[in-house]
Amino acid sequence: MLLKTRKANSILISVVSNIVLISFSLLVAIPFLWMVTTSVKTIAEVWIFPPKWIADKFMWVNYKNVFAAAPMVKYILNTLFVATSVVVIRQFFIITAAYS
């Protein structure tokens with residue numbers, strides 16, 4: 001009897017934890033999905049109320065316009081440089097601290 005109760009509690013804890021994890025995952029993913037879908041909408045579709053999740057017509061030219069209006073390649077390369085530098089420097093200090 002005690003074994004069945006432990007198994008039932010284990011299953012209940014697993015189900016509840018999965019529900020919580022899925023809820024938080026959606027909480028994080030929904031703004032990102034909204035950002036991506038909004039980036040391919042027309043200006044009129046961005047400002048309509050109530051908002052639509054999926055655009056009627058995908059405006060891939062929006063990305064072309066962004067890359068033409070600003071030096072996005074430079075920004076992306078700068079971000080990659082900074083992120084890589086931080087990781088390499090941090091790893092150096094972590095490895096040296098581990099041997100001290």
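A residue is called buried when its relative accessible area is under 20%, exposed when over 50%, and partly exposed in between, with a 1.4 Å probe and protein chains only. The exercises use a predicted model, in which local features need pLDDT of at least 70 and side-chain atom pairs count only at pLDDT 80 or more, while totals for chains, interfaces and linings use all residues. Residues are numbered from 1 along each chain as its sequence is written, and side-chain values use heavy atoms, with hydrogens and water left out.

**Exercise 1.** Determine whether lysine 41 is buried or exposed, and describe its surroundings.

*Solution.* Begin with the location: lysine 41 sits in the loop between helix 1 (2-39) and helix 2, where helices are DSSP runs (H or I) of at least four residues, strands are DSSP runs (E) of at least two, and both are numbered from the N terminus. Its relative accessibility is 4%, so lysine 41 counts as buried. Next, list the contacts, meaning heavy atoms within 4.5 Å: leaving aside residues up to four places away in sequence, lysine 41 touches Trp34, Val46, Lys52, Trp53, Ala55, Met59 and Asn62. Finally, the C-alpha atoms of lysine 41 and phenylalanine 58 are separated by 5.9 Å, although these residues are 17 apart along the chain.

**Exercise 2.** Find which residue forms a salt bridge with aspartate 56, and examine glutamate 45 as well.

*Solution.* A salt bridge requires a side-chain nitrogen of Lys or Arg within 4 Å of a carboxyl oxygen of Asp or Glu. By this rule the count is 1 salt bridge, and aspartate 56 forms a salt bridge with lysine 52, with the closest N and O atoms 2.6 Å apart. Aspartate 56 is exposed at 62% relative accessibility, whereas lysine 52, at 27%, is partly exposed. Turning to glutamate 45, which belongs to helix 2 (residues 43-47), one finds a buried residue without a salt bridge, whose nearest side chain of opposite charge, lysine 52, is 4.2 Å away. The side chain of glutamate 45 does, however, reach the backbone nitrogen of aspartate 56 at 2.8 Å.

**Exercise 3.** Describe the overall architecture of the protein.

*Solution.* The secondary structure comprises 4 helices and 0 strands, running α-α-α-α from the N terminus. The radius of gyration is 24 Å, well over the 13 Å that the globule rule gives for 100 residues, so the protein is more spread out than a compact globule; this radius is taken over C-alpha atoms, and the rule is 2.2 Å times the number of residues to the power 0.38. Buried residues make up 5% of the 100 residues.

Notes:
Lys and Arg count as positive and Asp and Glu as negative; His and the chain ends are not counted. A polar contact is a pair of N or O atoms within 3.5 Å; within protein, one must be able to donate a hydrogen and the other to accept it, and residues adjacent in sequence count only if both atoms are side-chain atoms.
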